[in-house]
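Please look first at how the two protein chains are arranged, and then at how they meet the nucleic acid. The paragraphs below take these topics in turn.

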There are 2 protein chains.
Amino acid sequence: MGPGRRAGRSTSRNDILEAARARFARHGYVGTTVRAVAVDARVDAALVHYFFGTKTSLFAAAMALPVNPADVLAGVLTDGVEDLGERLARAFLRIWDDPAAGAPLVGLVRSAASHDEAATMLREFAGQEMLARLAGALDDPRAELRATLVGAQLLGVAMGRYVLRIEPLASANHDTLASALAPTLQRYLTGELSPRDA
Amino acid sequence: MGPGRRAGRSTSRNDILEAARARFARHGYVGTTVRAVAVDARVDAALVHYFFGTKTSLFAAAMALPVNPADVLAGVLTDGVEDLGERLARAFLRIWDDPAAGAPLVGLVRSAASHDEAATMLREFAGQEMLARLAGALDDPRAELRATLVGAQLLGVAMGRYVLRIEPLASANHDTLASALAPTLQRYLTGELSPRDA
DNA sequence: GCTAGATTTCAACAACGGATGAAAAACTCT
DNA sequence: AGAGTTTTTCATCCGTTGTTGAAATCTAGC
């Protein structure tokens, strides 16, 4: 093709971002190469560096979410604690089932498993930001443990349904799943943690 | 040091295995290099290949579990379905809290997130072997969905407590956690999946 | 049309990773 | 003691990766 700018408006920056999101979601941070992203975007590898500098900042740019989950959580928390389990389950599934938000999240989780920087990213974000806020809304001596139990259940669904795609969980109906999860979350949030408490 | 065999009995093969387990558990398959394993084992990189051939078979050897979880599950399943949630939760935590079995499992999960071969390994093993057996013990039209819900909850605990080490889940007491999880698992196994079923 | 800036490829480098072949040293068995 | 086997390092190969510098081509403002 030869060097030099192409005629017309350039979509390269966006092509690269989309290709990067797909790669990171499928192969994680370490398993994704700048060159492979460039091939997917039909672009030279140097262009990736021209737009984004280093691989790490490309990752950061690609993992930027269209919605801020902390805001979604804040919205869910305003309506009190009574139906919280149900509303939480539905909001969670809605975000993850949306490809625009789901792909970066899958990439983040995949990368967090084997890349320290991504793990820190996820921990600070999900841990400090979201779990702390959830625990703050609870008013219970074991609020933090309750919040992490909720987090563990949702993380498990994220792994099984969206990352590993285990059937029939991966294809399960949105409502069916929400109904199954809601009582679990509600018990972790406000119910008796151990049967002997009753 | 110079080439040639060292005096006395050699522990190198085992040193390499232990170093590999630790590396795979911390950095996953892709993030672990044969050279780093060799350094940890205080051995030349070529020796790793001498003993284990390829990196993939080193991984397979390092991920071999001291106990077969499928057997543990079979044992748990013999005593009927009444207290199954409680027994399942305890057996799960017992295995993962044991370092000898826990390290390979953490390595497997970490690697599964970003390495296709490890993902297949985990899927075939946990999916076909364990979830199918669990579903088979259930006698319910939605047995498979129930089994994967149990799997998702346990996978979430594995990720949060052992892989990402999110507090206070990571340091939570064994019994406290088992008590909190047992009702969830029991409901997924034999309870009403959706509140409207009642 | 000229000039400044933006976009694009090419070529290359330095580091790293998995893997191999050869040679050296120790052990085993007769 | 000698032959064969096992363990060990060294040197090296070859492919891959992140990254950079230079040059070429297009667009925009004057």
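What follows treats the symmetry of the protein and then the surface near DNA strand C.

The model is predicted, so that local features need pLDDT of at least 70 and side-chain atom pairs count only at pLDDT 80 or more, while totals for chains, interfaces and linings use all residues. Residues are numbered from 1 along each chain as its sequence is written, chains are lettered from A and ligands numbered from 1 in the order in which they are written, and side-chain values use heavy atoms, with hydrogens and water left out.

Chain B is superposed on chain A by a rotation of 180° with 0.1 Å of shift along its axis, at an RMSD of 0.1 Å (least squares on the C-alpha atoms of residues with pLDDT of at least 70 in both copies). This is the relation of a two-fold axis. The same surface serves both copies, since 100% of the contact residues of chain B recur in chain A (contact means heavy atoms within 4.5 Å).

Around DNA strand C there are 29 residues, of which Ser10(A), Tyr50(A), Gly8(B), Val34(B) and Arg35(B) come nearest (near means a heavy atom within 4 Å). Among the polar contacts (pairs of N or O atoms within 3.5 Å), an N or O atom in the side chain of Ser12(A) lies 3.0 Å from a phosphate oxygen of the strand, and a polar backbone atom of Arg5(B) lies 3.2 Å from a base nitrogen. Helix 3 of chain A gives the most to this surface, with four residues (helices are DSSP runs of H or I, at least four residues, numbered from the N terminus).

Definitions and conventions. A polar contact is a pair of N or O atoms within 3.5 Å; within protein, one must be able to donate a hydrogen and the other to accept it, and residues adjacent in sequence count only if both atoms are side-chain atoms. Helices (H or I, at least four residues) and strands (E, at least two) are DSSP runs, numbered from the N terminus.
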